[in-house]
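Have your viewer open and your selection tool ready. We will walk through the cysteines, then the pockets, and end with the enclosed spaces.

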Amino acid sequence: MAGSILLLVGTAKGLFVLRRGGNGRWSIDGPHFSGLAVFSAFLDQRKGRNVMWAAPASWHFGAELCKSTDMGKTWDQPEKRRIKMPANTKTSLENIWQITAGGGSDSLYVGVAPAALFESHDQGETWSLNKGLWKHPHRKQWQPGFGGLCLHTIVTDPKNPKDIKIAISTGGVYQSADGGETWGSTNKGVSAYFMPDNYPEFGQCVHKIARHPSKKNLYFLQNHHGVYRSRDGARTWEEIENGLPSNFGFGLTVSESGSAFIVPLQKDAERFTCEGKLRVYRTRDEGESWQPLTKGLPQKNAYEVILRDAVTSVGDNIFFGTKNGKLFASMNDGDSWKMIEGSLPEICCVKAYAVD
């Protein structure tokens, strides 16, 4: 682990950049894109690069993809890099939900609403719609969830650029083994209680998937109602809800040690932390059991909401942000927590990186 940690915190009113130095103190810079919602951000550190990406969204002008090569001091957005839905799709871009690295060192992927995948293989200079997914016969039957019809999660394999897994609300989990040429749904075992068939081939409202850092076929999934594990590369799933106060929630992350973390919320109609207690739940046995983590977290009148991309980790350092603008950190794999900012705007996403 490098000496410093960098956080990209996207909020409803701009992007904040926080840095933890060797002395353990945090500094904060921002807001960048003041007044605009930032639902996704990413720091590309491959090949020695330090390139920041962020997607500010305006209610009037839509979402843009912006780039900084000086760690956020300045940002640019050339026309040729603009993410646009092609004219023949007869639709327009609503939001950019995810920016992430592809398996190749120059590849990037962007997940958007309405649910679609864009790809770049020249470090983000030009982008194209992934036609294999757009032409998938299921696409026209995907339905928007409460947050819209969005492709919000992309999991790539740096050792196998052709392996891409995505999650769509409400479409479910899809994956490609040929670099995005073809896609198949892999939702077996995941419930969609709101559908006539409770276990359909697709249509699940998946909120987030994450892979174990060293066991390549082990995945975790937080669903609209359900927490699941896959031991076969996200192809089939089994419930792992024993000991949880609720199976509803959004965010999910897995630390370098292999601990998985979720923050359950109390029912989909209420959407705040269970019993007004802010508790992070951790499993260290691949979902066989869950441990509530409370040290340093408020356990009374804490009616918080944690969104799908607001839980993240780097090494064994875990971070999450709330819609009330509180940002928490654990530097010991969840054993204890500390609030590092308490009055940010509504937090939409948190991304963590080790930096020099």
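Start by colouring the cysteine sulfurs: across the whole structure, which is a predicted model, the search finds zero disulfides. Select C66, which is in no disulfide; its nearest cysteine sulfur belongs to C349, 14 Å away. C66 is also buried, with a relative accessible area of 5%.

Next, select C150 and C205 together. Why is there no bond from C150? The closest cysteine sulfur to that of C150 is the one in C205, and at 8.2 Å it is too far for a bond, since a disulfide needs the two sulfurs within 2.5 Å. C150 is buried too, at 0% relative accessibility.

**The largest pocket**

Now switch on a surface and select T100, V155, T156, R211 and S313. Of the 44 residues that line the largest pocket, these lie nearest its centre. Which elements should you highlight around them? Those giving two or more residues to this lining are β4 (37-44), β8 (95-101), β12 (150-157), β16 (206-211), β20 (252-254), β24 (311-314) and β28 (347-355). Pick out β12 in its own colour, as this strand gives the most to the lining, with five residues. The pocket has a volume of about 1500 Å³. Colour the lining by class and you should find 18 nonpolar, 15 polar and eleven charged residues.

**The second largest pocket**

Move on to F39, W59, N95, W97 and G147. They lie nearest the centre of the second largest pocket, which has 32 lining residues. To see the strands here, highlight β4, β5 (51-58) and β8, the elements that each give two or more residues to this lining. Its volume is about 890 Å³, and its lining divides into 15 nonpolar, eleven polar and six charged residues.

**The cavities**

Finally, make the surface transparent and look inside. How many cavities of 30 Å³ or more are there? The count comes to two.

- For the largest cavity, select D44, R49, V51, W53, K67, L108 and Q123, which line it. The space inside is about 40 Å³, and the lining has three nonpolar, one polar and three charged residues.
- For the second largest cavity, select P245, P264, T273, C274, K277, R279 and Y281. About 30 Å³ of space lies there, lined by four nonpolar, one polar and two charged residues.

Terms used: Residues numbered from 1 in each chain as written. Predicted model: local features only at pLDDT ≥ 70, side-chain atom pairs only at ≥ 80, totals over all residues. Heavy atoms only, no water. 1 Å grid on protein atoms, 1.4 Å probe; cavity = no way out; pocket = protein on both sides within 12 Å on 5 of 7 lines; lining within 4 Å. Points joined across faces, edges and corners; volume = space filled by probe spheres on them. Nonpolar A, V, L, I, M, F, W, Y, C, P; charged D, E, K, R; others polar. Buried < 20%, exposed > 50% of the residue type's maximum accessible area, 1.4 Å probe, protein only. Helix = DSSP H or I, 4+ residues; strand = E, 2+ residues; numbered from the N terminus.
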